Amino acid sequence: MRSLDKFKICVLLICLVFELGHGFYLPGSYPHKYGVGDFLNVKVNSLTSIDTELPYSYYSLPFCKPLEGIKDSAENLGELLMGDRIENSPYRFKMYTNETEIFLCQTKPLSGEEFKLLKKRIDEMYQVNLILDNLPAIRYTRKEGYFLRWTGYPVGIKIQDTYYVFNHLKFTVLVHKYEETNVARVMGTGDAAEVISTIGNGGSEAPGYEVVGFEVVPCSVQHTPDSAKNLKLYNKYPTPIKCDPTTVAMAIKENEPVSFTYEVNFVESDIKWPSRWDAYLKMEGAKVHWFSILNSLMVITFLAGIVLVIFLRTVRRDLTRYEELDKEAQAQMNEELSGWKLVVSDVFRSPSNPALLCVMVGDGVQILGMGVVTIMFAALGFMSPASRGTLITGMLFFYMILGVVAGYVAVRLWRTIFCGNHKGWVSVSWKAACFFPGIAFFILTTLNFLLWGSHSTGAIPFSLFVVLILLWFCISVPLTLLGGYFGARAPHIEYPVRTNQIPREIPPQKYPSWLLVLGAGTLPFGTLFIELFFIMSSLWMGRVYYVFGFLLIVMILLVVVCAEVSLVLTYMHLCVEDWKWWWKSFFASGSVAIYIFLYSVNYLIFDLKSLSGPVSATLYLGYSLFMVLAIMLATGTVGFLSSFWFVHYLFSSVKLD
């Protein structure tokens with residue numbers, strides 16, 4: 001009973017902390033209540049396209065600018081790394097006030113450069129991304145009886161040889177009425193929300209509304225330059241505007257201006273605040289997505305179970321038969337036996353490039369830990385799509401903190417390989433702190449030069465580069481060195497058998513052992529290739545990925561399969577008297593990265609057919625290489641550590657002279 005009381009007190013304290021922090025809500029930020037007539041300001045994000053994957057600033061095109069000037073919104077580290085550039089816009093609404101024929105501006109006559117750029121962006125299928133109260137503008141289109149959802153709307157469209165721009169926007173804002181007039185904040189999710197009342201608000205206050213939906217219909221409407229000559233921002237356009245998305249009329253021409261207008265309609269909706277992101281999280285073909293993942297999980301679990309049972313039975317039977325013999329029979333058997341028992345004096349011989357192996361295992365533990373913790377928090381809703389950039393920011397934070405673990409594992413493995421020798425642990429710690437981040441920094445810097453050359457908002461600003469370097473050398477490196485210090489003080493793992501000075505000759509093999517190692521990655525790849533399609537679609541096709549619960553299950557299953565595959569391959573190599581198992585156990589599971597990279601190339605050729613230009617393809621392959629390297633280190637580490645544990649357990653269970 002006391003434990004339950006303590007738990008209740010902890011929950012209450014947590015709720016109070018979140019209450020002091022202006023509420024807590026999953027997913028996204030806390031609800032914002034607007035009174036009738038309150039101003040709602042629309043923000044703009046970067047222009048994006050699945051044709052080039054290069055984001056550009058909204059104001060790189062001749063669009064209307066706000067009177068107060070262009071101002072950047074507060075952005076976190078993850079948003080900047082993702083290429084988001086959120087800025088203010090001239091679009092402004094009044095809560096629950098319908099307006100039509102609102103004039104924004106008339107641009108200057110399009111110069112030759114602006115005309116060419118506008119046509120180029122239309123050809124490249126660039127989308128305009130608007131945001132209202134943290135909700136992206138969503139567009140619905142009907143195709144073959146189905147409603148398709150899109151975030152944003154296209155800049156324009158090309159019909160035959162004529163380019164048309166969407167210069168009139170029809171907005172629909174879905175709002176939900178506050179049932180209580182004295183509600184300060186709503187905490188919780190679903191229907192059972194806890195209502196916390198403010199102090200001093202009377203019941204005569206006008207009802208407030210929450211924004212629960214933001215829809216847009218783009219139209220191309222012909223505006224005559226003379227009718228908009230004397231109009232100012234937010235004036236009413238003199239002639240009625242009919243928004244028909246099935247027709248286009250505003251053709252862009254060089255040395256002619258373009259007028260922009262909009263209308264807004266507020267609709268009261270039954271959608272509640274916790275459910276307002278449902279429209280964005282509904283993927284087309286969701287049932288197929290769930291069924292495919294579940295089917296893959298069941299098949300892979302069944303295969304892995306069979307491999308594990310057969311493997312354990314074989315090893316246990318071998319050990320049992322050997323231990324039942326008397327000493328004379330064992331001595332005679334030692335002379336006649338072949339296989340893993342004959343490499344007892346070489347199985348723990350130091351591998352080639354031991355420092356590199358220690359560094360890669362340390363970095364692999366760091367990457368794997370970062371992935372597991374980040375996906376767990378995302379599955380719990382702390383890093384939802386509603387909170388832009390939090391996923392990337394969280395990954396960086398967890399990666400830096402887990403530098404302690406990387407340094408500890410790398411140095412302790414180093415000391416184990418050299419039988420407790422402390423010499424060189426500082427160098428190993430430094431290498432662990434700089435190996436993967438250094439490669440990542442080189443890849444990102446190279447790609448960033450391409451983005452800078454293209455004037456894309458996806459380019460990381462120089463100031464952010466400085467921040468990343470400071471985070472690397474002021475937080476990640478010291479924590480890795482601290483972990484290395486603890487690893488140097490921790491006792492090394494003692495080998496159960498001695499190692500001879502002269503290495504045993506490995507018998508010639510019927511087939512190259514590395515061929516089997518590379519083929520072993522097919523089974524781990526089978527656990528994630530279906531999920532990989534949805535992840536790639538999220539990264540490159542602009543879709544929202546939200547099934548982090550399934551991703552967590554797939555990741556756990558991937559770890560199990562990698563461990564089992566590496567165990568089997570290590571045992572097979574020992575059975576043919578091949579005692580060089582260290583690197584092979586690492587790449588037996590790490591070779592899954594090769595198949596993921598081949599899948600990425602296949603996805604580029606067959607799914608991203610519209611991807612145009614060498615810059616876009618180079619960016620895609622560069623980011624794919626970065627992802628594949630991280631996966632290789634994480635999966636290879638799982639395979640090596642499981643094989644090391646197995647070899648240590650196997651030879652400590654048999655008494656061999």
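This is a short talk on the cysteines of this structure, with a quick stop at one serine at the end.

Before we start, a word on the source: this is a predicted model, where local features need pLDDT of at least 70 and side-chain atom pairs count only at pLDDT 80 or more, while totals for chains, interfaces and linings use all residues. Residues are numbered from 1 along each chain as its sequence is written, and side-chain values use heavy atoms, with hydrogens and water left out.

Okay, disulfides. You all know the chemistry: a disulfide is a covalent bond between the sulfur atoms of two cysteines. The working cut-off here is a pair of cysteine sulfur atoms within 2.5 Å. So how many disulfides does a search of the whole structure find? The search comes back with 2.

Let's take Cys 64 and Cys 105. Their sulfur atoms sit 1.9 Å apart, and the link is left-handed, with -90° about the S-S bond. Cys 64 is in the loop between β2 (39-44) and α2 (77-82), and Cys 105 is in strand β4 (residues 99-106), so this bond ties together parts that are 41 residues apart in sequence. By the way, those helices and strands are DSSP runs numbered from the N terminus: H or I with at least four residues for a helix, E with at least two for a strand.

Buried or exposed, then, for Cys 64? Cys 64 is buried, because its relative accessibility is 4%. Cys 105 also counts as buried, at 19%. For the record, buried means under 20% relative accessible area, exposed means over 50%, and partly exposed is in between, using a 1.4 Å probe and protein chains only.

On to Cys 219 and Cys 243, with sulfur atoms 1.8 Å apart. The torsion about that S-S bond is about 70°, so we call this disulfide right-handed. Cys 219 is in strand β16 (residues 208-219) and Cys 243 in the loop between β16 and β17 (259-268), so to speak distant parts of the chain, 24 residues apart. Both Cys 219 and Cys 243 are buried.

If you number the bonded cysteines in sequence order, the pairing reads 1-2, 3-4.

Two more cysteines to mention. Cys 434 is partly exposed, because its relative accessible area is 25%. Cys 562 is at 1% relative accessibility, so that one counts as buried.

And the serine: Ser 624 is in helix α17 (residues 614-652). At 2% relative accessible area, Ser 624 is buried. What does Ser 624 touch, not counting residues up to four places away in sequence? Phe 597 and Ser 600, where contact means heavy atoms within 4.5 Å.
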